[in-house]
Amino acid sequence: MGMQVPVSLKSGHEAIHAALKRATGEPGALGETARSIARIMSGHMMREEKFALRPLGLLKALARGETPAELAEVAKLAQALRLEMPQMIDEHRQIAEALHLLASNAEVAGKPEYVALAEDMLVHAHIEEDVLYPAAVVIGKYAALLRGD
Ligand SMILES: [Fe+2]
């Protein structure tokens, strides 16, 4: 089965992506802000899926006490995540700034769905920083322990 982003997280990301894509087609400042967020998001999400979300795909197996074949790979990814994390958190800061602007532009444009999108994305980023990134690091450390590295 391999190490894959858990389906629940993947579909959450896809929903955000789809809503943001709709926003990029809006006229004026709203669309412009959405496009600037989309630009930051494309590289950010690639890094995020590779270094943070794929390791989470092993979490259930590890919790069941299994020893997945990808222990060495996940231990390496978690080390890479620790290096990438400052940049990923800085991207969250840039995205959050732009999301505040998106929310106020959406309010001016009378598009409450994009105010809600901005709020969802801000909560999402907090969950990533508070829970998902640290969980991925811990998975990597645990994998290294299991391997006896
Ligand atoms: Fe993120």
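Author: Let's start with one idea we'll lean on: two residues count as in contact when their C-beta atoms, placed from the backbone, lie within 7 Å. Keep in mind too that this is a predicted model.

Reader: Okay, let's try that out. Which residues in H1 meet which residues in H5?

Author: On the H1 side they are Ile16, Ala19, Leu20 and Ala23. Their partners in H5 are Tyr114, Leu117, Asp120, Met121 and His124.

Reader: At what angle do the axes of H1 and H5 cross?

Author: At roughly 140°, and the axes come within 11 Å. That angle makes H1 oblique to H5. As for the hand, H1 passes H5 in a left-handed crossing.

Reader: Can we step back a bit? How many helices and strands does the chain have?

Author: Five helices and zero strands, so reading along the sequence you get α-α-α-α-α. The C-alpha trace spans about 55 × 25 × 20 Å along its principal axes.

Reader: What share of the contacts comes from residues 24 or more positions apart?

Author: Take the contacts with a separation of 6 or more: 77% of them are between residues 24 or more positions apart.

Reader: Now H2. How does the span of its 29 residues compare with what they should span?

Author: The trick is to allow 1.5 Å a residue, so helix H2 (residues 28-56) should span 42 Å. Its end C-alpha atoms are 39 Å apart, which agrees. H2 does have a kink of about 45°, centred on Glu49.

Reader: And H5? What does its length look like?

Author: H5 has 36 residues and reaches 50 Å from its first C-alpha to its last, close to the 52 Å expected. A kink of about 45° turns up in H5 as well, centred on Glu128. Just after H5, Gly148 takes a positive phi of about 80°.

Reader: How do H2 and H5 pack together?

Author: Their axes are 11 Å apart, at an angle of about 20°. That makes H2 roughly parallel to H5. Their crossing is left-handed. For the contacts, look at Leu30, Ala52, Leu53, Pro55 and Leu56 in H2. They meet H5 residues including Tyr133, Ala136, Ile139 and Gly140.

Reader: I'd like to read burial next. Which residues of H5 are buried?

Author: A helix has a pattern to look for: an α-helix has 3.6 residues a turn, so residues three or four places apart point the same way. In H5 the buried residues include Tyr114, Leu117, Ala118, Met121, Ala136, Ile139, Gly140 and Ala143. The buried residues of H5 pack against H1, H2, H3 and H4. Over the chain, buried residues make up 26% of the 149 residues.

Reader: What do the buried residues of H2 pack against?

Author: Helices H1 (7-24), H3 (59-63), H4 (71-108) and H5 (112-147). Among the buried residues of H2 are Leu30, Thr33, Ala34 and Ile37, and also Phe51 and Leu56.

Reader: One last residue: why does Val138 count as partly exposed?

Author: You count neighbours, and a residue needs 20 or more other C-beta atoms within 10 Å to be buried, or 12 or fewer to be exposed. Val138 has 14, so it counts as partly exposed. Val138 sits in helix H5. Its C-alpha atom is 7.9 Å from that of Ala78, although the two are 60 residues apart along the chain.

Key: Residues are numbered from 1 along each chain as its sequence is written. This is a predicted model: local features need pLDDT of at least 70, side-chain atom pairs count only at pLDDT 80 or more; totals for chains, interfaces and linings use all residues. Helices (H or I, at least four residues) and strands (E, at least two) are DSSP runs, numbered from the N terminus. The expected span of a helix is 1.5 Å times one less than its number of residues. The bend at a residue is the angle between axes fitted to the seven residues ending there and the seven starting there. Axes are lines fitted to C-alpha atoms, for helices over the stretch in contact, and angles run from 0 to 180 degrees between N-to-C directions. Angles under 35 degrees count as roughly parallel, over 145 as roughly antiparallel, 65 to 115 as roughly perpendicular and the rest as oblique. A crossing is left-handed if the near helix is turned anticlockwise from the far one by less than a right angle, and right-handed if clockwise.
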